[in-house]
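Good morning, colleagues. I would like to take you through one structure this morning, beginning with a question about a pair of charged residues.

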Amino acid sequence: MLVLGLASALGIYLAARDAVPSAALAEMHGSKPYVHQLERFGGKAAVLFDELNRWFAGLWEGRQLGITVAWITLAVSSLMLLMARHL
């Protein structure tokens, strides 16, 4: 499982290209008026959740997806190894 997962992660990483985000969209999301409006309507929690959502969504795109798959593979393989040792 470890070999297959890491090979898949490497394949994804090498095959994927990082998408170039729209400059206008990136500028809008990081701008002070956007953050101010978001905070005005939803408070500081809305700003925090917006940043968290953007970070989490970024884990599943482009080359970052390969890195995410590698970490998940390592975690699951380690858990399986620990379970196998205790049984």
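In which helix do Arg54 and Asp50 lie, and how many residues apart are they? Both belong to helix H3, and they are separated by four residues, about one turn of the helix. Before I go further, please note that this is a predicted model.

Let me stay with that pair. Arg54 and Asp50 form a salt bridge, in which the closest N and O atoms are 3.2 Å apart. The two partners may be described by their accessibility. Arg54 is partly exposed, with a relative accessible area of 36%. Asp50, at 15% relative accessibility, counts as buried, because buried means under 20%.

A search of the whole structure finds two salt bridges. Besides the pair just described, Lys44 forms a salt bridge with Glu39, and here the closest N and O atoms are 3.1 Å apart. Lys44 has a relative accessibility of 64% and therefore counts as exposed. Glu39, at 31%, counts as partly exposed.

I turn now to the nonpolar surface. Met1, Phe49, Leu52, Trp55, Phe56, Trp60, Ile72, Val76 and Met80 form a nonpolar patch on the surface, and together they have about 950 Å² of accessible area. Which helices each supply at least two residues of this patch? They are helix H3, spanning residues 32-58, and helix H4, spanning residues 62-86. The largest share comes from H3, with four residues. One member of the patch is Trp55, which lies in helix H3. With a relative accessible area of 52%, Trp55 is exposed, because the cut-off for that term is over 50%.

Helix H4 also offers a residue of another kind. Is Ser77 buried or exposed? Ser77, which lies in helix H4, is buried, with a relative accessible area of 14%. Leaving aside residues up to four places away in sequence, Ser77 touches Met1 and Leu2. Met1 is also a member of the nonpolar patch that I described a moment ago.

Finally, a word on confidence. The protein averages a pLDDT of 90, and 97% of the residues score at least 70. Where is confidence lowest, and where is it highest? The lowest value falls in helix H2, residues 23-30, at a mean of 74. The highest falls in helix H1, residues 2-15, at 96.

Thank you for your attention.

Key. Residues are numbered from 1 along each chain as its sequence is written. This is a predicted model: local features need pLDDT of at least 70, side-chain atom pairs count only at pLDDT 80 or more; totals for chains, interfaces and linings use all residues. Side-chain values use heavy atoms; hydrogens and water are left out. Patches are made of residues with over 30% relative accessible area and no salt bridge: like charges are joined within 9 Å, nonpolar side chains (Val, Leu, Ile, Met, Phe, Trp, Tyr) within 5 Å. Accessible areas come from the Shrake-Rupley method with a 1.4 Å probe; for residues, only the protein chains shown count as cover. A salt bridge is a side-chain nitrogen of Lys or Arg within 4 Å of a carboxyl oxygen of Asp or Glu. Buried means under 20% relative accessible area, exposed over 50%, partly exposed in between (1.4 Å probe, protein chains only). pLDDT is the predictor's confidence in each residue, from 0 to 100. Contact means heavy atoms within 4.5 Å.
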